[in-house]
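Biologist: I have the structure open beside me. Walk me through it, and tell me how each label is earned.

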Amino acid sequence: MSFSLQQAITPPWLKTISKVQLGHWPTPLEHLPRLTKELSGPQLWVKRDDCSGLATGGNKTRKLEFLLADAINQGADTIVTYGAVQSNHARQTAAACAKLGLECHLLLSQRVEWDHVSYNNNGNVLFNKLFGAHIHMLAMDEFEQRQTEILADLAAQNKQFYQIPPGGSNALGALGYVMCLAELEWQTKEMGISLDQIIHASASSATQAGLIFGAGAMKSKVDILGINVFHPDPATLTARIEKLLAQMSVQFPASKAGFDLPIYINHAYFGQAYGEPTDAGLDAIKMVAELEGLLFDPVYSGKALAALIDQINLGNFSQHDNVVLLHTGGAASLSAYVDAF
């Protein structure tokens with residue numbers, strides 16, 4: 001997208017907020033004709049945020065454009081962020097820091113019970129090493145103590161560090177998905193199709209909060225369904241989204257998005273735990289790889305893909321002409337889950 005076109009699509013109130021250019025926008029909105037035919041449902045589309053351009057892509061790139069602009073404006077020379085061992089957010093943060101010349105520290109929690117050598121050495125972990133990030137692998141029972149020690153050590157070195165929450169999930173980071181919805185509204189209008197339904201993997205909450213907030217600000221009638229892939233209790237995810245929406249309404253009043261915005265969560269595709277593949281997710285990944293030549297991961301978008309397929313088979317999207325699956329990235333972790341296949 002040219003700068004002038006990007007500016008034209010950006011809501012006026014959003015233009016006033018600093019960001020750095022990290023991604024390739026707009027990401028494609030791609031029709032899935034073979035999957036559509038296979039499922040005999042509405043027309044299926046995929047919003048290719050796995051093609052955002054930063055280190056194999058993903059949804060965190062949009063968030064990092066706002067977060068790292070804020071870090072630079074505050075004079076930071078070091079970024080500290082958090083995630084699981086195979087965090088896609090950590091990988092994109094490491095790449096963005098390499099691009100911008102910032103020191104990067106990744107505090108990775110060993111929260112996923114996936115006892116295979118590839119998990120701790122391949123996929124996103126390999127990429128983090130290539131980007132020159134400082135990787136801190138931390139057991140869950142030592143995390144808080146080690147975090148305190150690492151931050152104290154950085155302060156002792158006079159590092160001006162800026163902390164980014166897991167997933168880049170705060171009010172500022174969520175603006176990336178306000179921008180994503182603006183893109184989708186523009187793309188569907190240009191293509192002459194209706195934007196009826198978005199379905200996506202929902203974990204740290206800012207992607208869904210940003211989409212919902214953007215829909216409120218733009219008076220969009222699109223339905224947004226988050227597939228819970230992280231929280232054992234889906235009420236926790238709903239509460240986090242509610243909190244973010246309230247913070248965004250206060251922080252960005254010019255948006256006029258308001259507080260009363262609907263939140264839809266489906267927990268049926270979570271499986272046993274976060275980070276653990278499901279049979280339905282693995283089947284969906286193989287199905288769409290063979291039908292459409294697309295790669296999904298078993299932690300995030302693969303579970304959303306399984307939900308999409310099942311919901312269509314159940315007839316729950318039959319009222320829609322078009323359904324958009326938001327591909328939030330994650331295929332970089334496939335090699336870490338080779339044992340699942």
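Biologist: Which hand does the crossing of helix 3 with helix 8 have?

Modeller: It is right-handed: helix 3 passes helix 8 that way. Keep in mind that this is a predicted model.

Biologist: Why are helix 3 and helix 8 called oblique to each other?

Modeller: Start with the angle, about 135°. Roughly perpendicular runs from 65 to 115 degrees, and roughly antiparallel needs over 145. The angle of about 135° fits neither class, and helix 3 and helix 8 are therefore oblique. Their axes are 7 Å apart.

Biologist: Which residues make that contact?

Modeller: Helix 3 brings Arg62, Lys63, Phe66, Leu67 and Asp70. Helix 8 answers with Leu172, Gly173, Leu175, Gly176, Tyr177, Met179, Cys180 and Glu183. By class, the contact of helix 3 with helix 8 has seven nonpolar, two polar and four charged residues.

Biologist: What makes helix 8 roughly perpendicular to helix 10?

Modeller: The two pack at about 90°, with axes 10 Å apart. The roughly perpendicular class covers 65 to 115 degrees. The angle of about 90° falls in that range, so helix 8 is roughly perpendicular to helix 10.

Biologist: Which residues of helix 8 and helix 10 make the contact?

Modeller: Ala171, Ala174, Leu175 and Val178 come from helix 8. Leu244, Gln247, Met248 and Gln251 come from helix 10. Six residues of this contact are nonpolar, two are polar and none is charged.

Biologist: What makes helix 9 oblique to helix 10?

Modeller: Helix 9 covers residues 206-218, and helix 10 covers residues 234-251. Their axes cross at roughly 50° and come within 9 Å. Roughly parallel needs an angle under 35 degrees, and roughly perpendicular begins at 65. The angle of roughly 50° meets neither condition, so helix 9 is oblique to helix 10. This crossing is right-handed.

Biologist: Which residues of helix 9 and helix 10 are in contact?

Modeller: On helix 9, they are Ala206, Gln208, Ala209, Gly210, Ile212 and Phe213. On helix 10, they are Ile241, Leu244, Leu245, Met248 and Ser249. Eight of the contact residues are nonpolar, three are polar and none is charged.

Biologist: Now the empty space. How many cavities of 30 Å³ or more are there?

Modeller: There are two. The largest cavity holds about 60 Å³. It is lined by 13 residues, and Gln86, Tyr274, Val299, Tyr300 and Tyr337 are the closest to its centre. Its lining has seven nonpolar, five polar and one charged residue.

Biologist: Which residues line the second largest cavity?

Modeller: Lys19, Trp25, Arg62, Glu65, Phe66, Gly176 and Met179 do. The volume of the second largest cavity is about 30 Å³. Helix 3 (60-73) and helix 8 (171-191) each supply at least two residues of its lining. Helix 3 gives the largest share, three residues. The lining of the second largest cavity counts three nonpolar, one polar and three charged residues.

Biologist: What volume does the largest pocket have, and which residues lie nearest its centre?

Modeller: The volume is about 560 Å³. There are 32 lining residues, and Pro166, Gly167, Ser204, Phe230 and Tyr300 lie nearest the centre of the largest pocket. Elements giving two or more residues to this lining include helix 3, helix 4 (88-100), strand 7 (197-202) and helix 9. The lining of the largest pocket has 13 nonpolar, 15 polar and four charged residues.

Biologist: Now the backbone. Is the peptide bond from tryptophan 25 to proline 26 cis or trans?

Modeller: It is cis, with omega near -5°. Proline 26 sits in the loop between helix 1 (3-9) and strand 1 (29-31). Most peptide bonds are trans.

Biologist: What is phi of serine 40, and where is that residue found?

Modeller: Phi of serine 40 is near 55°, a positive value in a residue other than glycine. Serine 40 is in the loop between helix 2 (33-39) and strand 2 (43-48). Most residues other than glycine have a negative phi.

Definitions and conventions
Residues are numbered from 1 along each chain as its sequence is written. This is a predicted model: local features need pLDDT of at least 70, side-chain atom pairs count only at pLDDT 80 or more; totals for chains, interfaces and linings use all residues. Side-chain values use heavy atoms; hydrogens and water are left out. Axes are lines fitted to C-alpha atoms, for helices over the stretch in contact, and angles run from 0 to 180 degrees between N-to-C directions. Helices (H or I, at least four residues) and strands (E, at least two) are DSSP runs, numbered from the N terminus. A crossing is left-handed if the near helix is turned anticlockwise from the far one by less than a right angle, and right-handed if clockwise. Contact means heavy atoms within 4.5 Å. Ala, Val, Leu, Ile, Met, Phe, Trp, Tyr, Cys and Pro count as nonpolar, Asp, Glu, Lys and Arg as charged, and the others, Gly among them, as polar. On a 1 Å grid over the protein atoms alone, a cavity is a set of points where a 1.4 Å probe fits but cannot get out, and a pocket is an open set with protein on both sides within 12 Å along at least five of seven lines; lining residues have an atom within 4 Å of a point. Grid points are joined across faces, edges and corners, and a volume is the space filled by probe spheres set on the points.
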